[in-house]
Amino acid sequence: MRIDILTIFPEMFTGVFSESIIKRAMENKKVQINLINFRDYTNDPHNKVDDTPYGGGAGMVLMPQPIFDCVKSIRTAEAKVILLTPSGKVYNQRMAYDLSNEKHLIIICGHYEGFDERIKSICDLELSIGDYVLTGGEIPAMVLVDSITRLLDGVIRDESHINDSFNNNLLDYPTYTKPRVYEGMEVPEVLLSGDHKKIEEYRHNEQIRITKENRPDLLDK
Ligand SMILES: C[S@@+](CC[C@H](N)C(=O)[O-])C[C@H]1O[C@@H](n2cnc3c(N)ncnc32)[C@H](O)[C@@H]1O
């Protein structure tokens, strides 16, 4: 998969993409991530990419020209263009699975007060990562790239993500490792029993209990 991230702060991504599973996925050519500074595409003599909002109001707004020209120059026939915005559809694991089947994603990071509304005309999808406002689209872009990359074939084992939270609208079951007793807290007996049927039953019941407690909305789906 190819992912192009349009940002005016490409350095923000360095740490996140140079460690652990994403780094390995890039090295193993499962994903190619390009950080593109759309300031390089501005026609403005002072390299400006933003301006004040028509009608007044606080903050600066990203201008359409640099982003339009940048997208035009990198777009492929199979590209899906995603605009990150708090007013987009709220991103979830189902969308991560769907997007992991795409060949080419172009992700646009807004900043400051946001972007000129006309930029939406070149986008296929508007996504929010949750009901709060961040200073820019860079962290949301990292969230998308991380959650999609781990679902690509050969990045992590299928069993690892098939049992993750949100599959079947349930949260994950509790997990334990050594030691058997830690500060007086014991690992549930059933996990030491070697009885796989009982373990499965216990885990499923725990998934239902935790989902009811923390995310009852998922059980209604
Ligand atoms: C300060 S925010 C702009 C907020 C905008 N005025 C609003 O109220 O919707 C600047 C940029 O950060 C990104 N951003 C902030 N919060 C986000 C979220 N929850 N999901 C996705 N992107 C977000 C978007 O790209 C946005 O254009």
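This passage describes the domain division, one open sheet and the ligand surroundings of a predicted model.

The protein chain is divided into two domains, with domain 1 covering residues 2–157 and domain 2 covering residues 163–219. A distance of 36 Å separates the C-alpha centres of domain 1 and domain 2.

Three strands form an open sheet in the order β3-β4-β7, and the pairing within this sheet is mixed. The edge positions are taken by β3 (50–51) and β7 (114–115); each has a single partner strand, so one side of each is left without a neighbour in the sheet. In general, strands of a sheet pair through backbone hydrogen bonds, in either a parallel or an antiparallel manner. Between β3 and strand β4 (residues 61–62), the pairing is antiparallel and extends over two bridges. Within this arrangement, D51 is found opposite V61 in β4.

The surroundings of the ligand were examined next. The ligand is surrounded by 20 residues, of which L84, G110, L134, G137 and P140 come nearest. Two or more residues of the shell around the ligand are given by each of the elements β5 (79–90) and β7. Of the elements, β5 gives the most to this shell, with four residues. Strand β7 thus appears in both parts of the description: β7 stands at an edge of the open sheet, and β7 also gives residues to the shell around the ligand. By residue class, the shell around the ligand comprises nine nonpolar residues, ten polar residues and one charged residue.

Conventions:
Residues are numbered from 1 along each chain as its sequence is written. This is a predicted model: local features need pLDDT of at least 70, side-chain atom pairs count only at pLDDT 80 or more; totals for chains, interfaces and linings use all residues. Two strands pair if DSSP finds at least two bridges between them. Domain bounds come from an automatic or database domain assignment. A residue is near a molecule or strand if its C-beta atom, placed from the backbone, lies within 6 Å of it. Ala, Val, Leu, Ile, Met, Phe, Trp, Tyr, Cys and Pro count as nonpolar, Asp, Glu, Lys and Arg as charged, and the others, Gly among them, as polar.
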